[in-house]
Amino acid sequence: MSIKILHKGIADSIQDSGRYGYQHFGVQPNGCMDNLSGTLANYILQNDLNSPVIELHFPSSKIQFLDDYIICISGANFVPVLNEKSIPFNTPILVHNNDMLSMLQPIDGSIAYIAVKGTYNEPNWLNSHAFNAKRFNNDDILNFVTLNHDLKLTLQQLIKDLDVSLIEQIQNNLFTNKEPIRFLPGPAWQDLNENSLHDILNKPFTISAQRNRMGYHLNGPKLSTSISKSYLSSAVTKGTLQLLPNGDMIVLMADHQTIGGYANLGQIILVDLPRFAQMKNGQPFKFRLTNLDTAQTLYRTMYAPFKH
Amino acid sequence: MKGIKNEWSFYSLGDHAIVFSLAAKMDVQILQKIKHLNEFISAKKMSGMLELIPSYHSLTMVYDITNFLSSTEPASTQLLNFCNNIIVEFENYLMEQKNIQSTLYKVPVCYEKIFGIDLENISKTNQISCADIIQIHTAFEYDVYSIGFLPGFTYMGVVDDKIKINRHDKPRNEVSAGSVGIAGLQTGIYPSNSPGGWQIIGRTPWKIFDPNPNKLAKFKVGDRVQFYAISKQEFDSLNEYN
C-alpha cells in the first residue's frame with residue numbers, strides 16, 4: 001500500500017508548492033524546483049495542484065510500486081522505463097503492484113516529477129510536505145494511498161480530459177525555448193560597474209556543476225561593483241542573483257536561505273524560473289532585463305489554465 | 001517599482017515581493033521602526049500576503065501575485081499606491097503609540113572552556129582576559145536584528161569594540177546547537193548543529209528553535225537579549241536538548 005525507494009538517486013525528495021509564512025523564523029519555503037512541471041503533473045491527474053509529488057534529479061531513484069496506482073511523470077525527459085519498457089510522460093499511466101520504475105538517461109531538462117493519483121498519507125510540517133535537506137534513502141517507504149475505485153475507468157476519463165495543447169505549450173517553453181532568462185534589477189544593480197553591466201546583459205552564462213536545491217552557481221564573465229561595499233542582510237527570494245566576492249553569481253533556488261548579505265543584483269521572474277531550473281550544466285544562455293508589469297502579466301497567463 | 005516617502009524608500013524585489021527600507025545602518029531606532037512596520041502590516045491580514053521578513057533596516061513582503069493584486073491595473077501602479085498609503089498610515093499610527101516596549105529575555109550561557117572554544121583566541125587577539133570578555137558580553141542588552149541563515153539563527157548587536165572579532169577564515173564543519181558566538185560587532189546563537197564561522201564563546205542550554213509548530217523560534221526581530229553566566233552544573237540542569 002505504498003511506494004518504495006529501491007535505490008536512492010542523488011537528490012530526490014517529496015516536494016509540493018512549498019511553505020510560506022515562516023521565513024521570519026528563518027524557515028525556508030522549499031518546494032518544487034520547477035513548480036510548473038510539478039503543477040502540470042498534478043493537473044493531468046486532476047489532483048489538488050499542491051499535492052506532494054516525487055522530485056527526481058539524475059541519476060534518479062529506482063522506484064517500486066507496492067500497490068496499483070495511476071501516476072503521471074512530468075518535467076525532464078529522463079527516459080522513464082517501467083519494468084524495462086519505455087513509458088510516455090505527461091500522461092496518466094496505470095502501474096501495478098510490484099512494477100519497477102527507473103530513469104535511463106537525461107535527454108531534456110534536469111528535474112522530473114511524479115504525481116500520484118490519491119493521497120499522501122504522511123504528517124506535514126507547517127502546512128507543507130517539502131522538508132529542507134531531506135532526501136530519499138534506500139528502502140524509504142512513501143505512504144501514497146491509491147484511489148479505492150476503478151482505476152481503469154479513472155484512467156480512461158483522465159486520458160479523455162488531457163489538454164494536449166497546454167502540455168505541448170509548457171514542454172516547448174521549458175525545453176525548446178532558448179530566449180534569454182528575464183530578470184528584474186535588484187537593490188545592488190546600480191552598484192555594478194560599467195563593464196559588468198555590459199557583460200551581464202550581453203555575454204553568455206552557463207550553470208556549473210556546483211548546483212543543488214539551494215542554488216545554482218554560474219560560470220560566465222566575472223562581475224564587480226564600482227565600489228567595494230558591504231550590505232546588511234535582507235530577505236532574498238528564489239531566483240535572486242547573488243554576486244559573490246570572487247565575481248561569480250549564484251542564483252538562489254527553492255531551498256535558499258531566508259536572508260542574504262551578498263550584493264543582490266536582481267531576481268529572475270517567476271515565469272522563467274522553471275525553464276532556468278531545468279537547464280543542463282554547460283548550456284549557454286543570456287540574461288535580459290524586463291519590467292514588473294510584463295513579468296506579472298506573463299505569470300497570470302502562464303498559470304491561468306490551472307485556475308479552473 | 002520604486003519610490004521614496006519621507007525617510008522610507010520602497011522597491012519591488014523581483015515580481016512577487018516588495019521591500020520597505022530605511023538608512024542602511026545597524027541602529028536600534030531604525031530596527032524599532034522596522035519592527036513596528038512589520039506589526040502594523042501584519043495586523044492588516046491582507047489576502048495574498050505570504051511573508052513579512054524584517055531584517056536590520058528592511059522589511060520584505062512576499063505576495064501571491066494573483067491574490068494580492070488585481071489584473072485590471074498595472075502592477076507597478078498598484079504597488080506604488082500601496083506602498084505610499086502604507087507609509088502614510090504607518091506614520092500616523094506610530095505617532096499615536098506611546099511607550100513601545102520590547103520583550104527582554106535574560107538568556108543563560110555557560111562560558112566554560114568546553115563550550116567557549118574560541119575564548120582563548122579572542123583573548124589573545126584582542127589582548128583581553130577571558131573573564132573580561134565574559135563580563136563585557138554579559139554587561140549589555142542586545143537587540144535582535146535578524147533571524148535567518150538557519151531556522152532560528154539569531155543575529156544580535158551591537159557588541160562592545162573590545163570583544164569584536166572577525167569570523168574564522170575557515171568555517172568549522174560543525175558548531176553545536178546553542179553555541180553563542182561573535183562575528184564582527186554581532187553576537188549570535190546557533191539553533192542547531194551546523195557548519196559555522198563565528199567565534200564561539202559559550203553555549204546556552206535554551207533550545208532557541210523548536211520544530212513544534214506552536215513554538216518555532218524563541219526570539220523575534222526587535223526583541224532584546226541579555227546574557228548571564230552560568231556554571232556547567234547549572235547548564236546541565238537547564239539543558240533543553242535532553
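**Chain B: helix packing and the sheet**

Reply: Hi! One thing to start with: this is a predicted model. In it, helix 1 of chain B and helix 3 of chain B are roughly perpendicular to each other.

Me: At what angle do helix 1 and helix 3 of chain B pack, and how far apart are their axes?

Reply: The angle is about 110°, and the axes are 11 Å apart. Helix 1 of chain B covers residues 28-43, and helix 3 of chain B covers residues 75-96. Angles of 65 to 115 degrees count as roughly perpendicular, so that label fits this pair.

Me: Is the crossing of those two left-handed or right-handed?

Reply: The crossing of helix 1 and helix 3 of chain B is right-handed.

Me: And which residues make the contact?

Reply: From helix 1 of chain B you have His36(B), Leu37(B), Phe40(B) and Ile41(B). Helix 3 of chain B brings Ile86(B), Phe90(B), Tyr93(B) and Leu94(B). Of the residues in this contact, 7 are nonpolar, 1 is polar and none is charged.

Me: Switching to the sheet: what's the strand order in chain B?

Reply: The order is 1-2-3-5-4, an open sheet of 5 strands with antiparallel pairing. Strand 1 (2-5) and strand 4 (49-55) of chain B are the edges, each pairing on one side only. From one strand to the next, the twist averages 15°.

Me: How many bridges join strand 2 to strand 3 of chain B?

Reply: There are 4, between residues 8-12 and residues 17-21. Ser9(B), for example, has Ser21(B) as its bridge partner in strand 3 of chain B.

Me: Which strands does helix 1 of chain B touch?

Reply: Helix 1 of chain B packs on the sheet and touches strand 3, strand 4 and strand 5 (58-63) of chain B. The direction of helix 1 makes about 170° with that of strand 4 of chain B.

Conventions:
Residues are numbered from 1 along each chain as its sequence is written. Chains are lettered from A and ligands numbered from 1 in the order in which they are written. This is a predicted model: local features need pLDDT of at least 70, side-chain atom pairs count only at pLDDT 80 or more; totals for chains, interfaces and linings use all residues. Axes are lines fitted to C-alpha atoms, for helices over the stretch in contact, and angles run from 0 to 180 degrees between N-to-C directions. Angles under 35 degrees count as roughly parallel, over 145 as roughly antiparallel, 65 to 115 as roughly perpendicular and the rest as oblique. A crossing is left-handed if the near helix is turned anticlockwise from the far one by less than a right angle, and right-handed if clockwise. Two residues are in contact if their C-beta atoms, placed from the backbone, lie within 7 Å. Ala, Val, Leu, Ile, Met, Phe, Trp, Tyr, Cys and Pro count as nonpolar, Asp, Glu, Lys and Arg as charged, and the others, Gly among them, as polar. Two strands pair if DSSP finds at least two bridges between them.
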